[in-house]
Amino acid sequence: MKLYYSAGSCSTSCHITLEESGIPYEAIEIDFDQPSDPNLALIEKLNPLGTLPILILDNGQQLDQNLSIAAYVADLAPEKNLLPAYGTFERAQALNWISFVAADLHKGIGALFGVQKISSDAKIQGTVRDYMIPNAKSYLNYLNEKLEGKDYVMGNTFTIADSYAFVVCGWTKWLEIPLTPYKNVEAYLARIASRPAVAKVLKAEGLV
Ligand SMILES: N[C@@H](CCC(=O)N[C@@H](CS)C(=O)NCC(=O)O)C(=O)O
């Protein structure tokens with residue numbers, strides 16, 4: 001199977017999940033900042049939303065949302081426990097977490113990347129950022145509290161929700177949101193970064 005990703009974006013979480021799963025895959029980087037990237041037209045064709053990740057299976061079938069790709073890959077490697085077993089309450093809890101990451105954390109933090117597109121006026125940018133920051137911080141605070149006494153969001157086991165939360169929380173360094181008030185989140189990110197599969201993906205994407 002083939003994963004199209006852009007370095008450091010939410011699609012990196014699927015790259016991490018694939019690496020953690022041990023399943024053979026090919027990862028193809030798309031550079032949205034390079035109009036000459038020959039794969040940009042292909043991405044537009046594959047996904048009219050123009051977003052990554054996109055996963056293409058060997059039979060040509062396609063998935064193009066973080067949650068579906070992560071869950072599909074996790075289910076292909078059940079022995080890795082990247083998602084609790086079908087039909088269990090723990091599975092619903094893990095999906096609850098990944099939904100929080102996709103709908104709340106990703107949108108709350110990721111929206112800050114768009115501030116420059118709203119206006120070239122620095123004052124307006126500042127006003128918009130001041131409006132968005134409390135929202136982003138409320139999600140970081142929620143995660144911080146829920147991580148108390150835990151290694152990962154589900155407890156002791158790393159799941160697909162952690163792949164995704166790790167990437168999104170990592171954006172804070174580019175957005176100049178200090179994580180010092182969120183000690184559990186800081187420790188969580190360091191813990192995940194030290195996982196061999198994660199370290200391998202970060203290196204492959206040129207992020208370390
Ligand atoms: N709902 C989608 C959102 C995917 C998404 O927002 N992808 C972003 C990167 S984080 C993207 O590809 N943006 C296009 C761009 O940067 O031009 C999912 O969960 O997979």
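Into which domains is the protein divided? In this predicted model, the protein is split into domain 1, covering 2-81, and domain 2, covering 89-195. It helps to find these two stretches before turning to the ligand.

How far apart do the C-alpha centres of domain 1 and domain 2 lie? The distance between these centres is 21 Å. The domains also meet one another: 15 residues of domain 1 are in contact with 15 residues of domain 2.

Now let us look for the ligand. The ligand sits in the largest pocket, and both domains help to surround it: domain 1 (2-81) and domain 2 (89-195) each give at least three residues to the shell. There are 13 residues around the ligand, and those that come nearest are Cys10, Thr51, Leu52, Gln65 and Asn66. By type, the shell holds six nonpolar residues, six polar ones and one charged residue.

Three of these neighbours deserve a closer look. Start with Leu52, where a backbone N or O atom is 2.8 Å from an oxygen atom of the ligand. At Asn66, a polar backbone atom lies 2.7 Å from an oxygen atom of the ligand. Gln65 takes part through its side chain, where an N or O atom is 2.6 Å from a nitrogen atom of the ligand. How much of the ligand does the protein bury? On its own the ligand would expose 510 Å², and the protein buries 70% of that area.

Key:
Residues are numbered from 1 along each chain as its sequence is written. This is a predicted model: local features need pLDDT of at least 70, side-chain atom pairs count only at pLDDT 80 or more; totals for chains, interfaces and linings use all residues. Side-chain values use heavy atoms; hydrogens and water are left out. A residue is near a molecule or strand if one of its heavy atoms lies within 4 Å of it. A polar contact is a pair of N or O atoms within 3.5 Å; within protein, one must be able to donate a hydrogen and the other to accept it, and residues adjacent in sequence count only if both atoms are side-chain atoms. Accessible areas come from the Shrake-Rupley method with a 1.4 Å probe; for residues, only the protein chains shown count as cover. On a 1 Å grid over the protein atoms alone, a cavity is a set of points where a 1.4 Å probe fits but cannot get out, and a pocket is an open set with protein on both sides within 12 Å along at least five of seven lines; lining residues have an atom within 4 Å of a point. A molecule sits in a cavity or pocket if more than half of its atoms lie within 2 Å of its grid points. Ala, Val, Leu, Ile, Met, Phe, Trp, Tyr, Cys and Pro count as nonpolar, Asp, Glu, Lys and Arg as charged, and the others, Gly among them, as polar. Domain bounds come from an automatic or database domain assignment. Contact means heavy atoms within 4.5 Å.
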